[in-house]
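User: Please give me a close look at one enclosed space inside this model and at the part of the fold that it leads to. I am new to this structure, so take me through it step by step.

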Amino acid sequence: MRMERNTCVHCRLGGRMEGDFTGKDVYGKHFAPKDYLKMYYSFSKEDGTQENRALTFYLQKFHKTFTVDGVKGDTLIDIGSGPTIYQFLSSCGSFREIIATDYTDQNREEIKRWLKKDPEAFDWSQVLKYVCELEGDREKWVEKGEKVRSTIRRVLKCDVTQVNPLAPLVVAQASCVTSTFCLDSACKDVTTYLAALKNVGSLVKPGGHLVLLVALGASFYMVGQHPFFCLYLEKETVDRAVTEAGFDILWSEGAKNSYSPIHSDCKTVYFLVAQKRIKV
């Protein structure tokens, strides 16, 4: 996840005491994509685990945003993709190209492994089937997977603590920027979070959209045996950061108790869609 912003992954790894900020070097050494994927994304619609209920919530909200509400455009940039592709399943048909990004080499390699159909890549078939079911035809999941692969054109490094998160590359502002569980793990305090949100928001063109998935009330999440830091955030702080970055919030929704307490102390997962103001 989510971005290593200081590590562009979904949250941050501790390996030390719970509550310690997880630095970029720790993510690079200890964040294991396979452990992360197995723990949070081994999906079955019939499985009643909290992780499954959480993932179902994410998928439904992305479906509403891109399929039902029709958010679309030329380019979508996902900041802090981690090793995941679930966030692209509803948006792949609404944009000409998608740019995936993450701070750590191993997460970017995991995405590339799936794009190349490497036999060692994580199996996203059940998640694909569920999204296709939301769209009305569960049997189109193979076609959906191919659409995602053809739409993800680049997998880049990012660091949300930089004014230009994609530096040294300079890319045109995007129609939409998404970010799932990235800033809450990349930022050590609220001041850093407010600045990082502005950095990410600068990648969106006026009139474009920002879509966030945030862990509220969390201080850690586990990947295998390693604890990773999460910045404790409340809804009001996230809303303030989005507004100060130049966006108007269109809608938001939270889901409580989304994770097993042994995996994360997250209280609420918060989904938000905002539109960048057009200066007159």
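Analyst: A cavity here is a set of grid points where a 1.4 Å probe fits but cannot get out, and its lining residues are those with an atom within 4 Å of one of these points. The model is a predicted one. With that in mind, we can turn to the second largest cavity, which holds about 40 Å³ of space. Its lining is made up of Ser 179, Phe 181, Cys 182, Leu 183, Asp 184, Tyr 193, Leu 212, Leu 213 and Val 214. Sorted by class, this lining has 7 nonpolar residues, 1 polar residue and 1 charged residue. Two elements, helix α8 (183–186) and strand β5 (204–216), each supply at least two of the lining residues, and β5 gives the most, with 3 residues.

Strand β5 takes us from the cavity to the sheet. This is an open sheet of 7 strands with mixed pairing, and its order is β3-β2-β1-β4-β5-β9-β8. The strands at the edges are β3 (152–157) and β8 (247–256), each of which has a single partner strand, so one side of each is left without a neighbour in the sheet. From one strand to the next, the twist averages 15°.

At the β3 edge, β2 (residues 95–102) pairs with β3 in the parallel sense over 5 bridges, and within this pairing Ile 98 of β2 has Ile 152 of β3 as its bridge partner. Helix α7 (residues 141–151) packs on the sheet here, touching β2 and β3, and its direction makes about 55° with that of β3.

Another helix that packs on the sheet is α10 (residues 235–244), which touches β5, β8 and β9 (268–276), while its direction makes about 20° with that of β9. This brings us back to β5, the strand that gives the most to the cavity lining. Within α10, Thr 237, Val 238, Asp 239, Ala 241 and Val 242 are buried, where buried means under 20% relative accessible area. The buried residues of α10 pack against β5, β8 and β9, and also against helix α9 (190–201). After α10 comes Gly 246, whose phi is positive, near 100°.

Taken together, β5 is the element that links these parts, since this strand contributes to the cavity lining, stands between β4 and β9 in the sheet order, and is touched by α10.

Definitions and conventions:
Residues are numbered from 1 along each chain as its sequence is written. This is a predicted model: local features need pLDDT of at least 70, side-chain atom pairs count only at pLDDT 80 or more; totals for chains, interfaces and linings use all residues. Side-chain values use heavy atoms; hydrogens and water are left out. On a 1 Å grid over the protein atoms alone, a cavity is a set of points where a 1.4 Å probe fits but cannot get out, and a pocket is an open set with protein on both sides within 12 Å along at least five of seven lines; lining residues have an atom within 4 Å of a point. Grid points are joined across faces, edges and corners, and a volume is the space filled by probe spheres set on the points. Helices (H or I, at least four residues) and strands (E, at least two) are DSSP runs, numbered from the N terminus. Ala, Val, Leu, Ile, Met, Phe, Trp, Tyr, Cys and Pro count as nonpolar, Asp, Glu, Lys and Arg as charged, and the others, Gly among them, as polar. Two strands pair if DSSP finds at least two bridges between them. Axes are lines fitted to C-alpha atoms, for helices over the stretch in contact, and angles run from 0 to 180 degrees between N-to-C directions. Contact means heavy atoms within 4.5 Å. Buried means under 20% relative accessible area, exposed over 50%, partly exposed in between (1.4 Å probe, protein chains only).
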